[in-house]
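I opened this notebook to record what I looked up, item by item, and to keep each reading beside the place it belongs to.

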Amino acid sequence: MNLESKLAREIIKKALLVKTAASWDEPLSKFLRFESNTFPTRYGTLSNDPSVLWGEEEDRTKARYFHGFLFMTGWAHKISELGDKEASRRVSDLISYWQAKYPLDKGLLDESAYHDETTAQRLNIILGLIISLDSLSSETIIERLRKLADVTAQLLESQEFHSGLNNHGMFQDISLRNYSIIAGWAPAESRERKLRTALDRLRRYFIHSYTSEGVHVENTPTYHLMVSRNLQQHVEVLRSLEISDHGNVETLLSRAGSYATNVIMPNGHFPPISDTTKIGLRSNVGKLFDEEFDYACSAGKQGKKPTQKTIVYSESGYGIYRSDWESVGATYLLFQAAYNNDYHKHSDDLSVVLYANGRELITEPGPFSYNYKDPYSKYAYSQFSHNNIVVNNTSTLRTDENRSTVKIIESSIGEEDFKVTGETGRLKGVKHRRTIHVTGAARKESISVIDHLQSDDICEYSQHWNIAPGLDVVTHGNGFEVFDGSKKVLDASIEIDKPINVETFRGVTKPRVLGWSFPSFGEKVPTNVVKVSFSGQGNVVFKTVFNTNDFFYTDRGLAPANENGWKRTNIGRGLNYIQNDYSKNHSQAPLVFVFSAMGPIGNFSYNYKATLDIIKCNAIYILDDFGDQGSYYLQEQNDTSIFDTVQKFISAKIEEIGNNKRPIYFVGSSKGGTAALLHGLKIENSRIFVGAPQTKIGSFIEKPHPNILKYMTGSNDAAAIQSLDAVLYRDHYFGNTTSQVTIAVGKGDHHYKNHVLPWVEHAKKRGLIVNTIVREGTPHSEIGRVYRDLLKQEIENSSMKSANPINSLPPAEHEKEKSRKNREPHVGKKSVWFDKVSDRLFASTEDIGNTEIAFRLYRENELCLSVPYQTTNYTSWVNLSPGRYRVRYFRRYLASGLVSKETSGWVTI
């Protein structure tokens, strides 16, 4: 061992005399030249007032920064560059103040001033200053610095102060090694003893600190890189000291390069797992490992493209999928089942990070600070900030004695198939196994996250998906979409045989911190986190499927950036809806709740918006985006929280918008018609106008839509079918007999005999009057077109009457209407006439008070339109086809319930 090696001294000198950041160069020069009393630091520009630098600091990170003299990083290089003797006095004064305030007490060391790593960093700074000030300062200043270095090195040499086999211990031994080589003023025997101590500790540490796969055990890529950089420098020092037995650490350095390269995301950044901070890696090009590492650091701009795309480090607990190395647009996924050491460990077992199309999508927030009492730091370490499953709303501890239960248990890698399974035993009362399965062509992958949970007791589970900053989220009943502005970048669909609740939180502080990202230490920005909640006992399988290109959900423009009217209510399970605002200044305009018909899987949309948007009404279009194809706005796994959510939403909107004068409609066709019946019948005096509904839901969806049957009931057996067939016949859903119901259906539609007629008969037995509009022919496939026209006329008529019930009559009738208000009810005249100017057919009677009138309009002998019972004694229709028309009147006396009928003469249009 050559203790006086000039090469070793040059290696250490180069490491100690680092440059300051370019932006700090001029401000620091002014300070050192006595032209300024302030200097730049990580915590802003500060005064050289020592009481400010070393005050009573509660922030551990900040305290370690100043006690470690880290704000002086680069000062030694700058002083050498300036060659200014006065600069040394400035630095000496600051250090003298610190020495006086924090003298070395062998009995009781100040926790902040003599923190293990902090002490090591301070010695490196002092050594750099000794080198730079040697020819510029007085002997007194140099001697003072050397004595401080001597006592610090003595402290670091002591076994009692040594931190052990962790990176804090590594820093202690590196600084002790540096001292032994630089401190030519100290006795050779003391230096050699300290050097051997440092080298022995470092050898044991480096061997201990990497797995056999070359992954640093402290759970953080930035520490892997930092330790590897120190390992590389140490190998150079060993060579310069002419020490030959360093083969083991050289082998470690080679293996460490594989993980360092593969863990880098396509954008040249490390994934922000554990205590990894979000910084670019391009500055490392040419300084460490090989050309493949350079390629990864520079995002493909330099170096050599790696040959291996996907890799599993089974012992270390990491699985990494990469679609390709071609560009920053590659798909990248990191799965971690790693608990290799307590240091820098987060509660991140089985967490996932996903990057695609040039940006992070599913991510982690990174560290906030080392102050474990800070609520944001607690959040950063907890399960709530990581993409894993929380049990009973309580995070696992950051560290515990169950390290060995966190591991990868199997994996397989194919050309278009990547599969890795990990497990953890750290969840209280729950065994958790997670499989990541990536299938499909590069950049068109389907990524499945399959969780197997086993517990003896009923547990409340919540999966947290932390969305990268700058992205917006739209949740659905069983999944969510993620948008970058108006561009969709990710969606997720969820499969489970339990009812779930999908919620989004952003920048929450109470009752717990949730939805934050930490770009750098101490900095926080709000971001979205999707929380999926469910309960279960025994064996539960929970599957989430992510798509980054071939999306599951058809993009319907729900992104908040589109500003096209989509809103989200957080009532109950939550609903997506569009609402027009016509009624703000029209207190009697109809309020119309529109329910959607069946669509293709993943294609959730509204119906009849183009029809209703041109009518003076307030329409609310509610999405049935539960499951993969809808839920009839009713239930999931026999849990009716979906129905309850819709009902609460309807009641809230009626209270917000509706009043006694406003007609309230429930409309829709096919599945939408069924939902309109279900929800409309729960609202008294509602008007339900539907087309060809399924009143026997189970029988209808049994064969063409078994997925919906399974989603709604949890089964596809006969009992499940029967239970859904009975829904519209149950007292609970029948609601009331005050609703006005009109059903349009074609005789050529199997719904007519199988669904409409049986339910109408049942409704009549219950005292509900149901009007039917039956069209000859008209199969179910054409009901949308027919119903659209009928709906337009129905709501248009209602809108006209609601807006001005008297003025909608011909002028000659106005005075008649006024004079009739106080008359006794009687059977009055009926009249039908066509107004060419408005292209409208009118029908009215002279009845007023204590009666309700219903109208049926016939073209030739075919019923084409009907108006249910109403207290208003007139109606009208617009844009009718040419032909002969007549109206049949139904008069119901409120006192007796008796009904009389009359038919008008013919009117030709």
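By class, how many nonpolar, polar and charged residues does the lining of the largest cavity have? I note before answering that this is a predicted model.

**Entry 1: cavities.** I found seven nonpolar, two polar and three charged residues in the lining of the largest cavity. I wrote down the lining residues as Met265, Pro266, Tyr295, Ala296, Ala299, Gly300, Arg322, Asp324, Trp325, Glu326, Ser327 and Val328. The volume I have for this largest cavity is about 80 Å³, and the count of cavities of 30 Å³ or more comes to six.

**Entry 2: helix H9.** I checked the length of helix H9, which covers residues 167-182, and its 16 residues should span 22 Å at 1.5 Å a residue, which agrees with the 22 Å between its end C-alpha atoms. I then looked at burial and found that 16 of the 16 residues of H9 are buried, so the helix is largely enclosed by the rest of the structure. At the N-terminal end of H9 I found Asn166 acting as a cap, with a side-chain oxygen 2.9 Å from the backbone nitrogen of His168. Within H9 I also looked up Asn178, which is buried because its relative accessible area of 4% falls under 20%. The side chain of Asn178 makes a polar contact with the side chain of Arg177, at 3.1 Å.

**Entry 3: salt bridges.** My search of the whole structure gave 35 salt bridges, and I followed three of these pairs in detail.

I took Asp348 and Lys345 to begin with, whose closest N and O atoms are 2.8 Å apart. Asp348 counts as buried at 3% relative accessibility, and Lys345 counts as buried at 0%.

I turned next to Asp400 and Arg426, whose side chains meet in a salt bridge at 3.0 Å, N to O. This pair links distant parts of the chain, 26 residues apart, with Asp400 in the loop between strand S8 (389-391) and strand S9 (407-414), and Arg426 in the loop between strand S10 (417-424) and strand S11 (430-439). Asp400 has 19% relative accessibility, and since the cut-off for buried is under 20%, I entered Asp400 as buried. Arg426 is buried as well, with a relative accessible area of 6%.

My third pair was Asp731 and Arg766, which meet in a salt bridge at 2.7 Å, N to O. Asp731 lies in helix H21 (residues 731-734) and Arg766 in the loop between helix H22 (750-765) and strand S27 (770-775), so the pair ties together parts that are 35 residues apart in sequence. Asp731 is exposed, with a relative accessible area of 55%, whereas Arg766 counts as partly exposed at 34%. I added that salt bridges with shared partners join Lys345, Asp348, Asp349, Asp400 and Arg426 into one network.

**Entry 4: backbone geometry.** I looked up Leu350, where phi is near 65°, a positive value in a residue other than glycine. Leu350 is found in the loop between strand S5 (332-336) and strand S6 (351-356), and it is buried, with a relative accessible area of 0%. Asn879 also has a positive phi, near 60°, and it lies in the loop between strand S32 (874-878) and strand S33 (884-893). Asn879 is partly exposed, with a relative accessible area of 47%. I noted lastly that the peptide bond from Lys510 to Pro511 is cis, with omega near 0°, and that Pro511 sits in the loop between strand S16 (501-506) and strand S17 (516-517).

Conventions:
Residues are numbered from 1 along each chain as its sequence is written. This is a predicted model: local features need pLDDT of at least 70, side-chain atom pairs count only at pLDDT 80 or more; totals for chains, interfaces and linings use all residues. Side-chain values use heavy atoms; hydrogens and water are left out. Helices (H or I, at least four residues) and strands (E, at least two) are DSSP runs, numbered from the N terminus. The expected span of a helix is 1.5 Å times one less than its number of residues. Buried means under 20% relative accessible area, exposed over 50%, partly exposed in between (1.4 Å probe, protein chains only). A polar contact is a pair of N or O atoms within 3.5 Å; within protein, one must be able to donate a hydrogen and the other to accept it, and residues adjacent in sequence count only if both atoms are side-chain atoms. On a 1 Å grid over the protein atoms alone, a cavity is a set of points where a 1.4 Å probe fits but cannot get out, and a pocket is an open set with protein on both sides within 12 Å along at least five of seven lines; lining residues have an atom within 4 Å of a point. Grid points are joined across faces, edges and corners, and a volume is the space filled by probe spheres set on the points. Ala, Val, Leu, Ile, Met, Phe, Trp, Tyr, Cys and Pro count as nonpolar, Asp, Glu, Lys and Arg as charged, and the others, Gly among them, as polar. A salt bridge is a side-chain nitrogen of Lys or Arg within 4 Å of a carboxyl oxygen of Asp or Glu.
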